[in-house]
Amino acid sequence: MRLSKLAVAFSLIGLCAAAQSQTKWDMPTAYPANNFHTENVQQFAADVDKATGGKLKITVHANASLFKAPEIKRAVQGGQAQIGEILLANFENENPLYGVDGIPFLATSYEESMKLYKASKKAQNDLLGKQGMMMLYAVAWPPQGIYSKKPIESAADMRGLKWRAYSPSTSKIAELVGAQPVTVQASELSQALATGVVESFMTSGSTGYDSKVYEQVKNFYDTQAWLPKNAVIVNKKAFDALDQPTRDALLKAAETAEARGWKVSAEKNEWYLNALKEKGMTIHKPSAKLQADMKQVGQVMQADWLKKAGPEGQAVMDAYRKN
C-alpha cells in the first residue's frame, strides 16, 4: 500500500515538473489559416515544438481571432501575447523606419526587397528593442498591384474612389491621387467590397485571392509597386526567460522560416495571379501613363519619408543603394 502511494506521489511530482518545464506562448496573426504567411508560421511553431522536445509550445491564432492587426504589436509589447506577426508598414506613424518597405517603387522585386530588408533590419530591430521586443524573422509579401471595380488608365481615374487604406503609406497614396481613404483590415476586406465601402485598393495577389475579391472586383493592375514585409516579433522578457537551448532552437527555427517564407512568396506570386485569372479577373499590364503617375507618387512619398526619417532613414537608404 505504501509503495503504491509512493508511486502515485512520484508520478504526480513528475507531472508537475513536466508542466513547470513546458512553456506555452500565444501567437496572434491577422491572416487566414490558408495564407502562405500563416502556413509558414504554423510550420515554424511545429519546428519549435519538435526542436525543443515540447518544452516550448506556440499556439497560432489566425485571422485576427485573438487580436486585430493594429493591436498585435502592442499585445506583444505588453506581454498579452508572447509572440506575434505584424505588417511592419502598419506602424510607420510610430517611426518612419517601420515603413521603409511601403515606399512605392523603391524596391519592386524580391531581390531588391531583400537588399532593403538587410539595409533596414538593424535599425528596425533597435527600435523594437527599445520597446522591449525583438524581431525573429521577416518575410515579404508578393508585389503590390491595384485592384479596381472600374478600369483605370491614369491616376486621374482614381480621383474620388473609395480606397482601402491599411497603413500610413496606403493612406498617403489615396491623398496624392485624390481618392477617399477608408481603413479596412485584410480580415474585413471581402465584406467592405460587398457593401460598397471600398471600390479600389492596393495589395498583393495573395491578399486578393484569400479575400475572394474576385467576387466583387474584375480588374487587377500589376504595378509591382512594393513588397511589404510581415515580421514575427517576440517579447524580450519572454525570450530571455527561456533556457539557452530553447532560445537557440527558436532562433534556428526562425532562420529556417525566413528562408522558406521568401521562397514560397516568390513561387506563389505567379500562382496567385493565375488563380485570380481563373476566377474571372483581368490582369492588366498598367498603361504607360498609370505607371508614370504612380512612380511620381512614389518619388513624392520617398522624399517625404526621408524628411521624416532624418539621418537614420538616410543611412538606411544609403546602405540600400550601396549594395
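Here is a short conversation about how the parts of this predicted model are named and recognised.

User: What makes β3 and β10 paired strands, and in which sense do they run?

Analyst: Two strands pair if there are at least two bridges between them. β3 is joined to strand β10 (residues 229-235) by 5 bridges, so the two count as paired, and they run antiparallel. One place to look is L87, which stands opposite N230 in β10.

User: What is the order of the sheet of 3 strands, and why are β3 and β4 said to stand at its edges?

Analyst: This open sheet has the order β3-β10-β4, with antiparallel pairing. β3 (83-87) and β4 (133-140) each have a single partner strand, so one side of each is left without a neighbour in the sheet. On average, neighbouring strands here are turned by 25° against each other, direction ignored.

User: How do you know that helix α2 packs on that sheet?

Analyst: By its contacts: helix α2 (residues 36-51) touches β3, β4 and β10. Contact means heavy atoms within 4.5 Å. The direction of α2 makes about 130° with that of β4. Another helix, α4 (residues 110-130), lies across β4 and β10 and runs at about 165° to β4.

User: What makes the length of α4 close to the expected one, and where does α4 bend?

Analyst: α4 has 21 residues, and the expected span is 1.5 Å times one less than that number, so 30 Å is the value to compare with. From its first C-alpha to its last, α4 reaches 29 Å, which is close to that. The bend, of about 45°, is at S120. After the helix comes G132, with a positive phi near 80°.

User: Which residues of α4 are called buried, and what covers them?

Analyst: Buried means under 20% relative accessible area. In α4 the residues that meet this are Y110, S113, L116, Y117, A119, S120, Q124, L127 and L128. Their cover includes α3 (72-78), β4, β10, α9 (244-278) and α10 (288-322).

User: Why is β8 described as largely enclosed?

Analyst: Because 5 of the 5 residues of β8 are buried, the strand is largely enclosed by the rest of the structure. β8 belongs to an open sheet of 6 strands, in the order β7-β6-β8-β5-β9-β11. The edges of that sheet are β7 (180-183) and β11 (282-284), each with a single partner strand, so one side of each has no neighbour in the sheet.

User: What makes the pairing in this sheet of 6 strands mixed?

Analyst: The sheet has mixed pairing, and β8 shows both senses. Strand β6 (residues 162-165) and strand β8 (residues 200-204) pair in the parallel sense over 2 bridges, while strand β5 (residues 144-148) is joined to β8 by 5 bridges and runs antiparallel to β8. On the β6 side, R164 stands opposite F201, and the bridge partner of W163 is S200. On the β5 side, G145 has T203 as its bridge partner.

User: Which residues touch the most other members of the largest nonpolar core?

Analyst: Of its 84 residues, these are F44, I58, L136 and L250. The largest share of this core, 9 residues, comes from α10. Beyond its neighbours within four places in sequence, I58 is in contact with W25, M27, F44, A45, V48, I83 and L250. Another core lies apart from this one, with 14 residues, including Y147, V184, V213 and M281.

How values were computed
Residues numbered from 1 in each chain as written. Predicted model: local features only at pLDDT ≥ 70, side-chain atom pairs only at ≥ 80, totals over all residues. Heavy atoms only, no water. Helix = DSSP H or I, 4+ residues; strand = E, 2+ residues; numbered from the N terminus. Axes fitted to C-alpha atoms, helices over the stretch in contact; angles between N-to-C directions. Bend = angle between axes of the 7 residues up to and from the residue. Buried < 20%, exposed > 50% of the residue type's maximum accessible area, 1.4 Å probe, protein only. Core = buried A, V, L, I, M, F, W, Y, C linked by side-chain atoms within 4.5 Å.
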